[in-house]
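This report is intended to be read alongside the sequence and the three-dimensional view. Please keep both at hand while going through the sections below.

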Amino acid sequence: MAGGGNAIRGSRVGAGPMGEAERGESAPRQAVTYFCSHEHRSVITFSVEATVPDHWDCPKCGLPASLDSDNPPPAPKIEPYKTHLAYVKERRSDKEAEVILDEAIQLLRTRRKSGEVIF
């Protein structure tokens, strides 16, 4: 069961009925609305003194959002994962690959003939 103690359940430090009178007045704020390509509307609150950014990540879907509701920024192009073989094929042509493979096979055959142990 629950242990004893003097803590008031459901409260936190600084919480209380006093509100702003105890903590002081809040800084002046401005609400800025951002729009993403999924038609999400996000209202972000900034200080009046702060510089409002042109773009913001949508908190709902993570896409970039802008201040222009008619022209939200497009979703970034995500390139699929490339395998090691795909990167090798970008660097070498099929003909170059054949030459390298032939050299490697020749090297293995000469080692086998000489009795060298290959791991």
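## The salt bridge

In this predicted model, E90 is exposed, with a relative accessibility of 52%. Its partner is K82: the two residues form a salt bridge in which the closest N and O atoms are 2.3 Å apart. K82 counts as partly exposed, at a relative accessible area of 28%. Exposure is assigned above a cut-off of 50% and burial under 20%, so the value of K82 falls into the intermediate class.

In general, side chains of opposite charge can pair when their charged atoms come close. The structure holds 1 salt bridge, and the pair K82 and E90 meets the criterion for it, with the closest N and O atoms 2.3 Å apart.

## Overall architecture

The protein chain contains 3 helices and 4 strands. Along the sequence these elements follow the pattern α-β-β-β-β-α-α.

Of the 119 residues in the chain, 9% count as buried. The accessible surface of the protein chain is about 10800 Å², and carbon and sulfur atoms contribute 53% of this area. Among contacts between residues at least 6 apart in sequence, 23% join residues at least 24 apart.

## The sheet

The 4 strands form an open sheet, arranged in the order β2-β1-β4-β3 with antiparallel pairing. The edge strands are β2 and β3, each of which pairs on one side only. On average, neighbouring strands of the sheet are turned by 45 degrees against each other, direction ignored. As a general point, strands of a sheet pair through backbone hydrogen bonds, either parallel or antiparallel.

Strand β1 pairs with strand β4, which spans residues 64-66, in the antiparallel sense over 2 bridges. Where the two strands meet, F35 stands opposite S66 of β4.

## Aromatic residues across the strands

The model contains 2 aromatic pairs. The rings of Y34 and W56 have centres 6.0 Å apart and planes at 25 degrees; the pair is therefore stacked. Because Y34 belongs to strand β1 (residues 29-36) and W56 to strand β3 (residues 55-57), this pair ties together parts that are 22 residues apart in sequence. The two partners differ in exposure class: Y34 is buried, with a relative accessible area of 1%, whereas W56 is partly exposed at 31% relative accessibility.

The other pair joins F46 and W56, with ring centres 5.3 Å apart and planes at 90 degrees, so the arrangement is edge-to-face. F46 lies in strand β2 (residues 41-47) and W56 in strand β3, so the pair ties together parts that are 10 residues apart in sequence. Y34, F46 and W56 form one aromatic cluster.

## Surroundings of F46

F46 is buried, with a relative accessible area of 11%. Leaving out residues up to four places away in sequence, F46 touches R29, Q30, V32, Y34, V52, P53 and W56. Both of the other members of the aromatic cluster, Y34 and W56, are thus found in this set of contacts.

One of the contacts, V32, lies 14 residues from F46 in sequence. The C-alpha atoms of F46 and V32 are 7.4 Å apart in space.

## Two buried serines

Which strand holds S66, and is this residue buried or exposed? S66 is placed in strand β4 and counts as buried, at 7% relative accessibility. Apart from neighbours within four places in sequence, S66 is in contact with T33, Y34, F35, D54, H55, N71, P72 and P73. This set includes F35, the residue that stands opposite S66 in the pairing of the strands, and also Y34, a member of the aromatic cluster.

S42 is found in strand β2 and is buried as well, with a relative accessible area of 6%. Not counting residues up to four places away in sequence, S42 touches V32, T33, Y34, C58 and P59. T33 and Y34 also appear among the contacts of S66, while V32 and Y34 are among those of F46.

Conventions. Residues numbered from 1 in each chain as written. Predicted model: local features only at pLDDT ≥ 70, side-chain atom pairs only at ≥ 80, totals over all residues. Heavy atoms only, no water. Buried < 20%, exposed > 50% of the residue type's maximum accessible area, 1.4 Å probe, protein only. Contact = heavy atoms within 4.5 Å. Areas by Shrake-Rupley, 256 points an atom, 1.4 Å probe, with all protein chains shown as cover. Phe/Tyr/Trp six-rings, centres within 6.5 Å; stacked < 30°, edge-to-face > 60°. Pairing = 2+ DSSP bridges. Axes fitted to C-alpha atoms, helices over the stretch in contact; angles between N-to-C directions. Salt bridge = Lys/Arg side-chain N within 4 Å of Asp/Glu carboxyl O.
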